[in-house]
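Today I will go through the aromatic side chains in one structure. Please have the sequence and the model open.

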Amino acid sequence: MSACASRLSASDTALLDRLPDGVACYETVRDDAGTLTAFRLTYRNSLFAELAPAAYQHTLDGTETITQSAPPKTVLDRYADVINTGHIAEHIVRDTQLSAGVYLRVAPFGEGIIITARPEPVVSPEQYKYWIGDVLNASLNNTFVYEAIRDLTGQIQDFRINFINRHAREDVIRRFGVEPLGSTILTIYPSSRQSGQFPYCVQAIETGQPVRLDLYYEDVKAWYDTLVTPLGDGCIVTGLNITDRKLSEELSQQQAIDQERLVHELQQSNENLRQFAQVASHDLQEPLRKIQTFSDILQSQFEDSLSDGERDMTRRIQKSAKRMQMLIKDLLTYSQLATQRDPLKPVNMTSVIEDVISDLEITIAENNARIETTPLPTVLGSASRLRQLMQNLITNALKFKKADQVPVIQIRVRLAEPADIPANLDGSGAFWLITVSDNGLGFEEKYKDRIFHPFQRLHTSATYAGTGIGLAICQRVAESLGGAIDVSSRPNEGSVFKVLLPVYVSAD
């Protein structure tokens with residue numbers, strides 16, 4: 001006799017047969033190794049025999065699966081957990097031969113289990129009504145159920161509110177100060193016929209098709225995503241306040257308009273700059289050439305008849321004209337970087353440096369300078385622009401040398417580390433870090449932003465020649481190629497200019 005059956009007397013079983021629940025006892029079946037292999041039915045009352053599926057009427061093994069659990073488990077696994085943990089399991093099972101499901105409660109009982117069964121609860125229409133009402137009241141949407149009010153010709157004249165959820169009711173009372181349930185739309189909101197839900201409710205009922213649209217309510221300055229669904233001779237209307245989304249969309253549209261305007265203004269500005277560059281290259285240089293020509297004539301043909309003061313003024317005119325010519329040339333170069341875009345091609349930076357050193361050969365020799373360089377990578381850019389960049393950096397190092405020391409310029413390259421990359425380039429890919437370091441005069445780093453601005457100088461033109469545009473050109477070249485430039489320096493310890501250029505990966 002099983003442990004479960006041995007515990008039940010005749011009076012116990014008689015009592016169990018009168019219970020409103022089905023009851024059954026199962027004992028465990030184990031193999032020689034002690035592994036649980038099945039549950040064998042040892043007792044059931046008459047109601048359990050009626051309620052439980054056929055699989056529960058004899059032996060439970062691993063063939064039945066409880067799909068309500070996640071992940072699915074066999075009955076054997078689930079009920080083994082009940083014995084091992086002592087926890088009660090509850091679930092609903094359905095048999096294809098039974099019209100309704102059965103609610104089962106499984107509890108440990110000695111070395112086995114005891115299962116109670118009762119029919120799956122059936123919800124009455126009235127209970128469904130309250131349940132649906134609770135669901136709708138919990139929604140943040142405004143929900144209405146309207147019934148059409150027609151005249152003798154059958155035309156819809158108004159709609160009566162037969163249902164309204166809690167959120168919508170509070171909204172209507174706050175806005176209009178009236179109880180909406182049982183009232184009509186036009187009584188509460190007369191302008192609805194022209195600017196509200198009314199015509200769309202009529203359309204949904206007459207066509208039998210739902211209508212969805214965004215409605216704006218002027219009185220509360222609010223937008224609602226509105227869905228009108230036909231229901232008999234009426235409709236269901238749901239509305240979700242989307243004012244924040246609409247305002248965000250309007251802001252985005254305005255920003256797009258502003259951005260388009262700024263782009264147009266920038267294009268116009270670039271066109272003006274291009275025209276200015278043409279004026280600078282032709283109209284300004286022509287009178288400048290005349291000034292230089294006439295001052296050369298004065299100096300060559302009338303030098304003997306000029307006084308010392310007149311000769312000095314002639315030299316000053318020539319010097320100023322030469323400086324003006326340099327300024328126009330540099331300004332033209334700087335403006336062309338913004339208005340003219342050379343096609344980007346693979347450029348070998350080693351060849352660029354060799355060309356620059358060749359062009360500066362005389363200046364390098366005059367300064368007894370030593371330039372140390374290593375093989376440089378190929379980047380995607382413009383050869384002419386990159387020559388401008390490197391030539392300006394090397395010329396700058398030669399210009400600001402120490403009087404008592406041989407200039408040494410070192411050009412090195414490595415892959416940039418995250419700490420080397422400024423925030424505006426972060427996440428833009430890999431970069432080469434090309435450094436141009438010198439042992440020259442250096443400067444206070446608090447001035448480093450200033451030196452990259454056009455016409456900004458740390459020394460007077462009388463002390464060091466130049467127009468103050470060279471480093472601004474370097475910055476514009478680097479940025480036009482998707483890179484950046486920076487500098488670190490200390491007075492009398494030299495400077496290190498750091499150029500970041502995107503790593504070029506050939507498609508071959």
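A word on burial before the rings: buried means under 20% relative accessible area, exposed means over 50%, and partly exposed is in between, with a 1.4 Å probe and protein chains only. By that cut-off Tyr146 is buried, because its relative accessible area is 4%. Phe144 also counts as buried, at 7% relative accessibility.

Where this comes from: the model is predicted, so local features need pLDDT of at least 70 and side-chain atom pairs count only at pLDDT 80 or more, while totals for chains, interfaces and linings use all residues. Residues are numbered from 1 along each chain as its sequence is written, and side-chain values use heavy atoms, with hydrogens and water left out.

Now the pairs. Rings of Phe, Tyr and Trp (its six-membered ring) pair if their centres lie within 6.5 Å; planes under 30 degrees apart are stacked, over 60 edge-to-face, and the rest tilted. Searching the whole structure gives eight aromatic pairs. In one of them, Phe144 and Tyr146 have ring centres 5.6 Å apart and planes at 40 degrees, so this pair is tilted. Tyr217 and Tyr224 make an edge-to-face pair, with 5.6 Å centre to centre and 80 degrees between the planes. Tyr217 is buried at 5%, and Tyr224 is buried at 9%.

Which residues do ring pairs link into a cluster? They are Phe144, Tyr146, Phe159 and Phe198.

Last, charges over rings, meaning NZ of Lys or CZ of Arg within 6 Å of the ring centre and within 35 degrees of the ring normal. Arg193 lies over the face of Phe198, 4.6 Å from the ring centre. The charged end of Arg175 sits over the Tyr217 ring, 5.2 Å from its centre.
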